[in-house]
Amino acid sequence: MSDDPRPRWVRDLTRFLPLKSQFVLTGNVRDLQLRVLDGRAVAAPLGDVLSATLAEAGYADVVRYDPVAGFSLLARPDGTDGDAEALLLRLGLTTSDGVAAAGPDVFASALTRFVGLEGPPVALVVDFASRMIVRSDALSPAEQQLFTRALVLSQSAQARPVGPDRAPRFNCVIWVVEKEGDLPDWLTIDNPRLRHVPIAPPDRGMRKAVAPSLIRGLPGGREASVELLAEAEQELVDATEGMLLVDLSAVAQLARTEQVPIGEVGEAVRRYKVGVTEDAWRRIERERIANGAETIGRRVVGQDHAVVHMLDIIKRAATGIGGGRRGGRPRGIAFLAGPTGVGKTELAKTVTELLFGDEGAYIRFDMSEFSAEHADQRLIGAPPGYVGYDVGGELTNAVRERPFSVVLFDEIEKAHPRILDKFLQILDDGVLTSGRGDRVYFSEALIIFTSNLGIYSTAPDGSRVATVTPDQSFEEVRSRVRTEIGNHFKLVLNRPEILNRFGENIIVFDFIRPAVAEKIFASMVEQVVEDAAASGHAVTIVPEALETLRHLCTADLANGGRGIRNQIEAHLINPLARALFDRGGEGPVTICAVEAGAVTSLRLEQA
């Protein structure tokens with residue numbers, strides 16, 4: 001392993017300066033770059049790093065060109081100013097205060113003079129070179145002439161010895177573009193005198209290298225102990241996983257502006273990501289979560305194990321225990337599996353109300369609407385040049401507007417496998433890049449998936465057969481469902497890495513058992529009676545009628561609580577509304593009998 005602390009792209013550029021006359025820098029070119037200055041690593045602009053690198057290699061000056069500002073001279077790393085006027089005049093340019101105007105014709109003529117310039121070697125950095133042409137595959141005549149000239153000059157350029165070791169040096173041209181394809185292919189491909197140098201995003205080691213210089217500038221950084229400085233540096237590195245050096249610098253600037261102390265680096269990162277000062281998770285009343293089991297249990301009946309597991313996830317999210325905040329991953333992740341109608345979606349709604357006071361505040365996506373291959377564009381937005389690009393993505397827009405939220409992906413198994421790759425980014429990094437190139441952070445969101453996986457399987461004849469039934473114990477149901485979920489992600493989708501991200505947060509719901517069905521039935525009937533009373537109709541049900549109704553509504557539990565609700569609607573709500581409407585007037589009534597048939601009817605008596 002090399003002991004050279006410089007980034008790989010800097011070492012690559014330096015190594016090929018004697019061999020190549022032109023270079024193309026691509027990739028992370030708009031970020032700050034790592035620069036070693038007086039033995040310490042700092043984040044510096046790309047131009048500063050290039051100037052220092054080329055000066056160490058024996059270059060006298062570095063000329064910078066961009067399509068707007070034109071020609072100028074990059075500052076020398078030793079702080080001295082080169083003679084910009086003299087150098088630009090030698091290139092045949094008209095200058096004003098050390099700057100020459102931009103233009104394709106001006107650039108083309110100056111390029112020829114630059115490559116053949118006598119004297120100490122100089123370098124030309126062509127910044128924003130991607131913007132010098134409209135389309136790389138359909139050049140205008142002027143663009144064709146310009147880059148043909150660049151191609152010819154790359155072949156005809158001559159190196160000359162420089163310095164004590166007589167190392168060969170060209171008057172090199174460095175093109176700075178976002179992608180190699182932004183320049184004509186015939187310039188960059190199979191050109192033996194041109195070197196492509198990719199600049200990678202900063203890795204953990206690079207962030208760790210610049211963290212000390214950033215941390216010491218935070219409020220309290222100069223007085224902090226060595227231990228506190230080390231902890232703050234580690235927190236900055238952990239919390240900025242996947243972020244650029246320019247983001248780290250911005251986090252430090254934000255902390256200084258808003259006086260976030262050195263001991264709360266994670267808070268500064270959070271503010272930078274989501275753009276708000278208040279932490280909604282910190283404002284959640286502790287008592288509400290402490291009493292959450294009782295609150296949720298009133299709406300999600302018979303799933304005590306699921307309620308406890310979900311509350312554990314919420315408590316981890318609220319306290320930050322378990323590394324949920326490290327690297328910007330979501331606050332919490334839950335995968336709710338089980339039969340239909342057992343309370344999976346209801347649990348997501350109830351948790352939202354528990355956390356944010358409004359069950360409608362959750363962001364829900366029915367994944368059956370995203371079964372097409374390109375449906376991911378609805379979530380993140382269409383790429384540039386495609387219809388809908390200006391609208392953005394439904395998911396990225398929603399999370400940007402409400403970073404503190406519960407995001408529910410309903411029936412995840414119905415989504416196209418390509419979309420699952422997007423979820424991998426969310427679960428792993430807590431970030432998603434929209435079609436417009438914006439980074440949207442999920443670090444403050446609680447992500448919930450629901451699924452019916454493992455309940456049914458497909459027989460050889462194509463029919464659906466039940467994998468689990470209400471006759472089995474819950475332990476057996478849970479074991480079989482988890483096994484089927486594992487097989488689906490590992491064998492069917494070939495996405496075991498997504499299954500690993502769920503970990504032990506797969507919560508299997510039980511069937512609605514008869515005892516639980518009785519409670520759900522009683523609760524729903526009570527709600528119907530309360531709604532009738534609110535409308536001016538006092539309704540009572542005699543025990544015999546209630547028993548008939550209970551038998552009708554709980555005889556078939558295949559559809560869970562949702563099925564019970566449907567039966568109550570058919571055998572109580574609809575006939576009661578019909579009878580009250582036909583009867584007219586208000587006043588107390590008693591349901592004396594429930595008469596089932598093709599259409600259920602009720603026998604009412606005036607109370």
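Author: In what follows, buried means under 20% relative accessible area and exposed means over 50%, with partly exposed in between (1.4 Å probe, protein chains only). The model is predicted, so local features need pLDDT of at least 70 and side-chain atom pairs count only at pLDDT 80 or more, whereas totals for chains, interfaces and linings use all residues. Residues are numbered from 1 along each chain as its sequence is written, and side-chain values rest on heavy atoms, with hydrogens and water left out.

Reader: How far apart are the end C-alpha atoms of helix α5?
Author: Helices (H or I, at least four residues) and strands (E, at least two) are DSSP runs numbered from the N terminus, and a helix is expected to span 1.5 Å times one less than its number of residues. Helix α5 has 16 residues, 141-156, so it should span 22 Å, and this agrees with the distance between its end C-alpha atoms, 22 Å.

Reader: What arc around the axis do the buried residues of α5 cover?
Author: The buried residues of this helix are Glu143, Leu146, Phe147, Ala150, Leu153 and Ser154. They lie on the same side of α5, because the arc that they cover around the axis (taken from the directions to the C-beta atoms) is only 115°.

Reader: Which elements do the buried residues of α5 pack against?
Author: The face turned away from the buried side carries the exposed residues Pro141 and Gln145. On the buried side, where contact means heavy atoms within 4.5 Å, the partners are β1 (22-27), α4 (104-115), β11 (173-176) and α6 (185-188).

Reader: Which helix supplies the largest share of the largest nonpolar core?
Author: A nonpolar core is a set of buried Ala, Val, Leu, Ile, Met, Phe, Trp, Tyr and Cys residues joined through side-chain atoms within 4.5 Å. The largest has 54 residues, of which Ile314, Leu446, Ile448, Ile564 and Ile568 touch the most other members. Its largest share, eight residues, comes from residues 514-534, which form helix α20.

Reader: How many residues does the other core hold, the one with Phe370 and Val440 among its members?
Author: Ile314 is in contact with Trp281, Ile289, Val351, Leu354, Leu355 and Leu446, when neighbours within four places in sequence are left aside. Apart from the core of Ile314 lies another, with Phe502 and Phe511 also among its members, and its number of residues is 43.

Reader: By what average angle are neighbouring strands of the open sheet β22-β23-β24 turned against each other?
Author: This sheet of three strands has mixed pairing, where two strands pair if DSSP finds at least two bridges between them. Its edge strands, each pairing on one side only, are β22 (539-541) and β24 (601-606). With axes fitted to C-alpha atoms, for helices over the stretch in contact, and angles from 0 to 180 degrees between N-to-C directions, the average turn between neighbouring strands, direction ignored, is 35°.

Reader: Which residue of β24 stands opposite Ile591?
Author: Strand β23 (residues 589-595) pairs with β24 in the antiparallel sense over six bridges. Opposite Ile591, the residue in β24 is Leu604.

Reader: What is the relative accessible area of Asp97, a residue with positive phi?
Author: Most residues other than glycine have a negative phi. Asp97 is not a glycine, yet its phi is about 55°, and its place is the loop between β6 (95-96) and β7 (99-100). Asp97 is exposed, because its relative accessible area is 76%.

Reader: Is Thr26 buried or exposed?
Author: Thr26 lies in strand β1, and beyond four places in sequence its contacts include Val177, Glu178, His196 and Ile199. Because its relative accessibility is 6%, Thr26 counts as buried.
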